[in-house]
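I opened my notebook to record what I looked up here. The entries follow the order of my looking.

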Amino acid sequence: MNKKKIYTIAGISAALILSVILLIIRPTILVYGIQRAGIYAAIALPMALVLGIVHIVNLAHGEMMMVAAYLSYFICTTFGIDPLVAAIPTGIIMFFLGLIIFKTSIAHTLEAPELNQLILTFGVAMVLSQSVNLIATSQPRKISLDYVSASATIGDVSFGIYDFIFPVLAALFLAVLIYFLKKTRLGKAASAVGQNPRGARIVGINVDLTYTIIFSLASMIIGVFGSFFITKFSIFPAVGGTFTMKSFALVAMAGIGNLPMVIGASLVLGLAESLVMSVPHGAGWSPMIFFGLIIIVILSRSFRSKQ
Amino acid sequence: MSELRTENLTISFGGLTATDNVNFNIKSGEIVGIIGPNGAGKTTLINLIAGIYYPTSGKIWLDDKDISQIPAHERSALGIGRTFQLIHPLEGLTVLQNVMTGFLFAQKMGLKQAREEARKLCRTLELTGLDRATGEINILETKKMEIAKALATNPKVMFLDEVMAGLNSTETLEAIDIVKQIAAERNLAVGVVEHVMGVITKLTHSVIVLDTGRIIAAGPYEDVAQNERVKSAYLGGGV
Amino acid sequence: MNSTVQKNKTWPVIFGILGVIVMILPFFSGPYIQSIGRTVITYMILAISWDMLIRSGQLSFGLAGFFGLGSYAAVLSAVNLHFNPFISIVFAALVAGLIAFLVGAVVLRLRGMYFAITTLALGEIFRIIIHNWTSLTGGPNGKLLPKLAFDGASIPTYAMMVLFALIIIALSEYFKRSRIHYALTAIRDNEIVAKSSGINIYKYLLIAFTVTAAIQGAAGAGFAQLYGFVTPESSFNANYTLIPLAMTLLGGMYSTWGPVIGAVLLGVLGEFLKLYIPYGHLVVYGIIIILVLLFMPWGIVGMAGRLLKKGESHE
Ligand SMILES: Nc1ncnc2c1ncn2[C@@H]1O[C@H](COP(=O)(O)OP(=O)(O)OP(=O)(O)O)[C@@H](O)[C@H]1O
Ligand SMILES: [Mg+2]
């Protein structure tokens, strides 16, 4: 409990120090870093929720985001509405899709070894991405929106401002989740389940129902994010894959069950990536640095927990 | 002739000191009881000696060699054997193959020799039906397999962590005889954790009493049982 | 995954013989069937290698990574060092094995989801390095082989793959029958019990990880030698992880014959489906993974064993 706070503070201050340094050297790096961090945090938060409470690594996480983005795309093109409006129906549909995926498959492996859950969700990921590939082909799709290219100039630095919607979204997700977990009856019960499922069951909490709700809720958040994703990025069936790995890495960095720290972890990664990308020829290598960091962080964490 | 000795052996898990400055020794030919209420730290002491945990401080000596920092599999080869309170048979292996592991790895035998030795060992323990899966054997057989696995590592010092638990009285008597006989034949040093005092009196030469990680009494069982601290530890522990 | 001790040895052997017959049949048919055979065998080798590691309880998603690495090692050594095709395959196995050994020294401290995801990330790292190291690897465009093995002749290349498969099957059986089997099974079942029986967990995991990565590297090299080119996208394709996994699960984990049977069944089914719905076969593989895990986690070989056992106990 106390340790968790220390890590949180250490992580956030590291990100802050890095930001200040960046702000002085190259302000654009800071801006892009924060925008990237927002994307990572927004998609990692639902995974952190599922991992913290249901204790499942959902390897179909990024693929669900991809499916949500396609859903949103088709809703927008069919009904001619804006993706930001489509976020609502997409979120609702994803809630139920999550419910179905959970009930028909994942729920049956909760008691099974972790290995089964990993392989199963890997299978789900493949079914999702390959089905979309089959239905929508691998051709990239994009929605062109005027407002995403809005930019601002401060001093002699100009940058896109629309992308700040991602950090805002991440903050919103975090606030809603924390309110939910701390203040609502259901959320409190879910936290109890996350900390001690057996104990929670003894106290009379319906653990299975809690798992189902939490997984569906996380799917809904993924759905909302998917709609925001399509406003800015082009989508294709394989677009989700890296987000599964990135989200897992961020949750592992933050520590399982520590939602606020996901923001700190995302900031560190977002800023580091943006820094590497600003170096000449750095763009191609930036995911490499990212994965390298993942491995270092996961390793050091696992060593610490072993002691 | 071998001797195992711990020197101020201590381990803390977060705030909890599960083993607290334990000085304990045991020699070939001795059977020492390790008793104490639930959560006293008996299993933790065995885990420390076997190398499952590394101590926060203190040392473990096996005949003049400090083994407190070497890994568990090497300690097994050096002569520390143990059974598990919570038995986890290796489910992917048959009963015979379970017993073979100690011969194969701790004693570094070849497959053929390990198979023969494992058969021989099981015969002395009157354990039969060796080609069965571990899920198909009864509790007495499971306990025998557990003892056989510990013996297969050719231990100088062996710890039995509640091997009698779950056996009925006839089975318990059989198990006591087996342990006594093997300990004598092989001149083993044996540490026995048991909650049933009848087993302790029949089997051991002396006992140590642990409470909240500390040794609070040591000596022959009859003497220790009269000790006021021991009585209150057990009462406090709710036994 | 609950494992049963396989006492009855007849079924796997029958399956195995059938598998070998299926491998021999394409010799008597045309180049099209032989090319399918080569692909199926490539996946079969990958499937066996994945199984060899999962026997220790370690789930690797790094197949595509080592496969791609091996492909590049073979092509680059053939282009730059003028290695002949066979030496280039051996070289690729050594490179993949060496890298796995070095990486494994660190990564094998991880377990469960941490290990699985780190292996996935590793594959991605390999791909990114190859993608960006344009001067050596040709970057996104990849590299062409100047000359194919046997000049691409169908029967000899198929024979080469069959030989390759037989070597890997033998290696896998060696893993099943030697002390390695005892060590890996014990590690999978309970690491603390394994240690207490004197098993050096780290050493055996490192052996398994290195050997299986070398096999995956060799499989990639073989594939590159057959098709004559490598690109980051095709050589590191996620299918090289997905398909072998589905094959092993269907056939049955923790055996040699499970992956062999799974590869033959799904490989043939996949080629068939491909004709009617391109990409549809990949959905089918995913669905098979899910269904097998939910309804018959022990796979075909395991189920046959169980049925047989039931029959025996009724007699
Ligand atoms: N790995 C661990 N992490 C944290 N605490 C532990 C760990 N292992 C043991 N403990 C704690 O150390 C104390 C001693 O436990 P131990 O299992 O050694 O008791 P014991 O004497 O064997 O009890 P019992 O008679 O119930 O078997 C307990 O409070 C236990 O919760
Ligand atoms: Mg105990």
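**Entry 1: chains B and C**

How much area is buried between chain B and chain C, and what percentage of it do carbon and sulfur atoms give? I am reading a predicted model. The buried area comes to about 2300 Å². Carbon and sulfur atoms give 63% of it.

I then asked which residues of chain B lose the most area to chain C. They are B:His73, B:Leu90 and B:Phe105. Together they make up 27% of what that side buries.

I noted the contact counts as well. On the chain B side, 30 residues are in contact with chain C, and 25 residues of chain C are in contact with chain B.

Next I looked for charges paired across this interface. I found zero salt bridges between chain B and chain C. Polar contacts are there, though: nine residue pairs, counted with both residues at pLDDT 80 or more.

Which helices of chain B each supply at least two residues of the side that touches chain C? I wrote down helix H2 (72–78), helix H3 (95–105) and helix H4 (111–124). H3(B) provides the largest share, six residues. By class, I list that side of chain B as twelve nonpolar, ten polar and eight charged residues.

**Entry 2: chains C and A**

I moved on to the other interface of chain C. Two pairs of chains touch, and the most contacts are between chains A and C. Here 42 residues of chain C are in contact with 40 residues of chain A.

The area buried between chain C and chain A is about 3600 Å². Carbon and sulfur atoms give 85% of that area. On the chain C side, C:Met113, C:Tyr114 and C:Ile117 lose the most area to chain A. Their joint part is 17% of what that side buries.

How many salt bridges and polar contacts are there between chain C and chain A? I count zero salt bridges. I count one residue pair in polar contact, with both residues at pLDDT 80 or more.

Four helices of chain C give two or more residues to the side that touches chain A: helix H2 (31–54), helix H5 (112–132), helix H12 (239–251) and helix H14 (280–295). H5(C) gives the most, with 14 residues. I sorted that side of chain C by class and got 32 nonpolar, eight polar and two charged residues.

**Entry 3: chains A and B**

I checked the remaining pair. No contact joins chain A and chain B. Their closest C-alpha atoms lie 9 Å apart.

**Entry 4: ligand 1**

Last, I turned to the ligand. Which residues are closest to ligand 1? They are B:Gly39, B:Lys42, B:Thr43, B:Thr44 and B:Gln85, out of 15 residues that surround ligand 1.

I noted three distances from oxygen atoms of the ligand. One oxygen atom of ligand 1 is 2.7 Å from an N or O atom in the side chain of B:Thr43. For the side chain of B:Asn38, the distance from an oxygen atom of ligand 1 to an N or O atom is 2.9 Å. At B:Ala40 the partner is a polar backbone atom, 3.1 Å from an oxygen atom of ligand 1.

How much of ligand 1 does the protein bury? Taken alone, ligand 1 exposes 630 Å², and the protein buries 66% of that.

Strand S2 (16–27) and helix H1 (42–50) of chain B each supply at least two residues of the shell around ligand 1. H1(B) has the largest share, three residues. My last tally for the shell is six nonpolar, seven polar and two charged residues.

Definitions and conventions: Residues are numbered from 1 along each chain as its sequence is written. Chains are lettered from A and ligands numbered from 1 in the order in which they are written. This is a predicted model: local features need pLDDT of at least 70, side-chain atom pairs count only at pLDDT 80 or more; totals for chains, interfaces and linings use all residues. Side-chain values use heavy atoms; hydrogens and water are left out. A residue is near a molecule or strand if one of its heavy atoms lies within 4 Å of it. A polar contact is a pair of N or O atoms within 3.5 Å; within protein, one must be able to donate a hydrogen and the other to accept it, and residues adjacent in sequence count only if both atoms are side-chain atoms. Accessible areas come from the Shrake-Rupley method with a 1.4 Å probe; for residues, only the protein chains shown count as cover. Ala, Val, Leu, Ile, Met, Phe, Trp, Tyr, Cys and Pro count as nonpolar, Asp, Glu, Lys and Arg as charged, and the others, Gly among them, as polar. Contact means heavy atoms within 4.5 Å. Buried area is the accessible area (1.4 Å probe) that two parts lose on being put together, summed over both. A salt bridge is a side-chain nitrogen of Lys or Arg within 4 Å of a carboxyl oxygen of Asp or Glu.
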